[in-house]
Amino acid sequence: MKKSTLVILLQLFLALAFTSCEEFLDTEPFDKLVPNTFFQTEKDLELYTNSFYQRMIPGGLEVVQSDELGEFTSKNQSPTFISGSYSSVNEGAWNWTDLRNINYFLENYNKEQIPEEARNHYAGIARFFRAWFYFDKVKRYGDVPWYDKTLATDDAELFKARDSRELVMDNVMADLDFATENIRDTKDNSASMITRQVALAFKSRVALFEGTYRKYHTEMGLSGSDEMLRKAADAARMVMDAGRYSVYSNGTPETDYRNLFISENPISQEVMLAVVYNNALRRWHNITWKFNSATYGARWGLNKQFINTYLMTDGSRFTDQTGFDEKVFVEEMKNRDHRLAQTVRSLGYTRSDGSAAPANFGYTYTGYHILKFSLDDKRYDGISEAYNSIPLIRFAEVLLNYAEAKAELGEFDESVWMETIAPLRERAGVDPTIPAVADSYLQAVYFPEISDKYVLEVRRERGIELCYEGLRYDDLMRWKKGDLVEMSWKGIYVPALNTPMDLDGNGTPDVSFVQTVPATKVPGVIYFVIDGNASKLSEGTKGHLIWRDDEEREFPDKKYLHPISNTDIVLNPELAQNPGWN
């Protein structure tokens, strides 16, 4: 009885299947996104564009880690691109999936039943992300193929030559123009969504990059530098005039700056866009672990040359002091711009349990142990459960974009200073008085080709304010200062070998530089071995700690662009290779 019933049911199922087969083949698949059934409501547009955030916004560690390519940081070793044998074989193949997803949306979103304002808003989001995608490509490769439509696998355009940088960047700016005119202008206090103000801020970043790149890379014969700089200034000005953001300050310069980087919820007074983490949702990162590990991280640390650029609180230059470069750590940290002690471990720093935490030479090679994004609880030194949100775009950057664009255009004056540089220095407890002359230290060590005091001060401020926020390497590239990555990794001044030093000002020794670790160790002291190869003292038995002078760091002009991957050139020989690469 059971068997006959099953047979009957099976026969009935097969009959229904075959009789409805033709009708079924005429229906659209229910497990795939199909334009005729999906792009019908504003909610559909929102759901689709939300995927761009998930795929394209970088993770917090990715943002921070990108600054290790900059000149101001030491690590266990340089990336192969800077030190080593690098060629098109080492370069990964480029990926266009995100672009195809964006172009697919732009080809299908525009349905009349959806209100025009909503359509334009989400088209603005899509075009913002297309600009984001192409900006990354241009920074890395220069000329790249421009595609504004989806392509089939047999489409001839897949095998075209690269389009010019000028054409691509003109299209990028057109996308950002559309985005800034059509994305909704509601402030997002979660700092997790693209709004009109965020798009304007990003436009100022892109235009500043391209304007200065064209200005300083004269060998490329690129035109339109001033036009791009004007776009950067205008976009930043619009954010400033809108008044939705301001420099965050509670009047406590000792903590205000760092609060921006250790807060779980982005401080929306200043943070415009962030990688948002949340402890309750178990959305975590491992930046604290990376900064405080002898093995997991690259043992990043800032270099002495950069530390020297921080001003005194009275606005004077540290480097104008007699013997500034030979001051021991506890002396050089006194009365400095308060951002210094919120960027690296300094005098009096303690963990959340009250324990002293001087710069730890088990984690840093120079003594300038990065603190900026690290949580104070030791628990996070060894687990990937840190939950502080990581800013991607801040109002402070907008001010600096405006200041730099005006300085490069020759339009910087006292009024610009008071709107841009002054509020950042005031937050840091630094006298904001305009310097009388150009800084000779910045000229000698960093920018000998720059004589304009305002350009120099903007570059100083940009380095300090945006340290480890993922922008330094891009800055070096656009200023044509790649040679700075060849700079020696210079650490704190060491008066003598075998002499324990105090690093946090509490009167107890924290580190001793030795050639051989003694049999009897002083409790609490870390012994750093000077081996004469990877680690040296500049004067033999004393002087500045020099790390990895055994490493050859080279930055010939070809490195301002990456090579096109050998994989991509094999697939499409029309791409051609960037100059100097094979």
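**View 1. Asn292 sits buried in a loop of this predicted model.** At 3% relative accessibility, Asn292 counts as buried, a word kept here for residues under 20% relative accessible area, while exposed means over 50% and partly exposed lies in between (1.4 Å probe, protein chains only). The loop that holds Asn292 runs between helix H12 (287-291) and strand S3 (301-302). Helices (H or I, at least four residues) and strands (E, at least two) are DSSP runs, numbered from the N terminus. Which side chains does the side chain of Asn292 meet in polar contacts? Arg345 is one partner, at 3.0 Å, and Asp381 is another, at 3.4 Å. A polar contact is a pair of N or O atoms within 3.5 Å; within protein, one must be able to donate a hydrogen and the other to accept it, and residues adjacent in sequence count only if both atoms are side-chain atoms. Leaving aside residues up to four places away in sequence, Asn292 touches Arg345, Tyr363, His369, Ser374 and Asp381, where contact means heavy atoms within 4.5 Å.

A quick note on reading these views: residues are numbered from 1 along each chain as its sequence is written, and side-chain values use heavy atoms, with hydrogens and water left out. Since this is a predicted model, local features need pLDDT of at least 70 and side-chain atom pairs count only at pLDDT 80 or more, whereas totals for chains, interfaces and linings use all residues.

**View 2. Arg299 has a positive phi of about 55° although it is not a glycine.** Arg299 lies in the loop between H12 and S3. With a relative accessible area of 14%, Arg299 is buried. Now look at Ala576, in the segment after helix H21 (566-571). Ala576 is not a glycine either, yet has a positive phi of about 65°. Is Ala576 buried or partly exposed? At 40% relative accessibility, Ala576 counts as partly exposed.

**View 3. Ser204 is buried in helix H9.** Its relative accessible area is 0%. Helix H9 (residues 196-216) has 21 residues and reaches 30 Å from its first C-alpha to its last, close to the 30 Å expected at 1.5 Å a residue; the expected span is 1.5 Å times one less than the number of residues. Because 19 of the 21 residues of H9 are buried, this helix is largely enclosed by the rest of the structure. The side chain of Ser204 reaches the backbone oxygen of Ala201 at 2.6 Å, and a polar contact of 2.9 Å joins it to the side chain of Asn401. Not counting residues up to four places away in sequence, Ser204 touches Ala232, Ala235, Ala236 and Asn401.

**View 4. Arg427 is buried in helix H17 (residues 421-427).** Its relative accessibility is 4%. Where does the side chain of Arg427 reach? It comes to the backbone oxygen of Tyr248, at 2.9 Å. Beyond residues up to four places away in sequence, Arg427 has many names on its contact list, including Val247, Tyr248, Asp256, Glu270, Arg394 and Glu465.

**View 5. Strands S5, S9 and S8 form an open sheet, in that order, with antiparallel pairing.** Strand S5 (489-494) and strand S8 (535-537) stand at the edges with a single partner strand each, so one side of each is left without a neighbour in the sheet. From one strand to the next, the twist averages 25°. Four bridges join S5 to strand S9 (residues 543-547); two strands pair if DSSP finds at least two bridges between them. Trp489 stands opposite Trp547 in S9.

**View 6. Strand S2 (residues 271-275) pairs with S4 in the antiparallel sense over four bridges.** Leu273 has Ile393 in S4 as its bridge partner. Strand S4 (residues 390-394) is mostly covered, as five of its five residues are buried.

**View 7. The confidence of the model varies along the chain.** pLDDT is the predictor's confidence in each residue, from 0 to 100. For the chain, the mean pLDDT is 94, and 94% of its residues reach 70 or more. Among the elements, helix H15 (residues 395-408) has the highest mean pLDDT (99) and helix H2 (residues 21-25) the lowest (36). Over residues 1-31 the pLDDT is below 50, and beyond near neighbours in sequence this stretch has four contacts in the model.

Conventions
Axes are lines fitted to C-alpha atoms, for helices over the stretch in contact, and angles run from 0 to 180 degrees between N-to-C directions.
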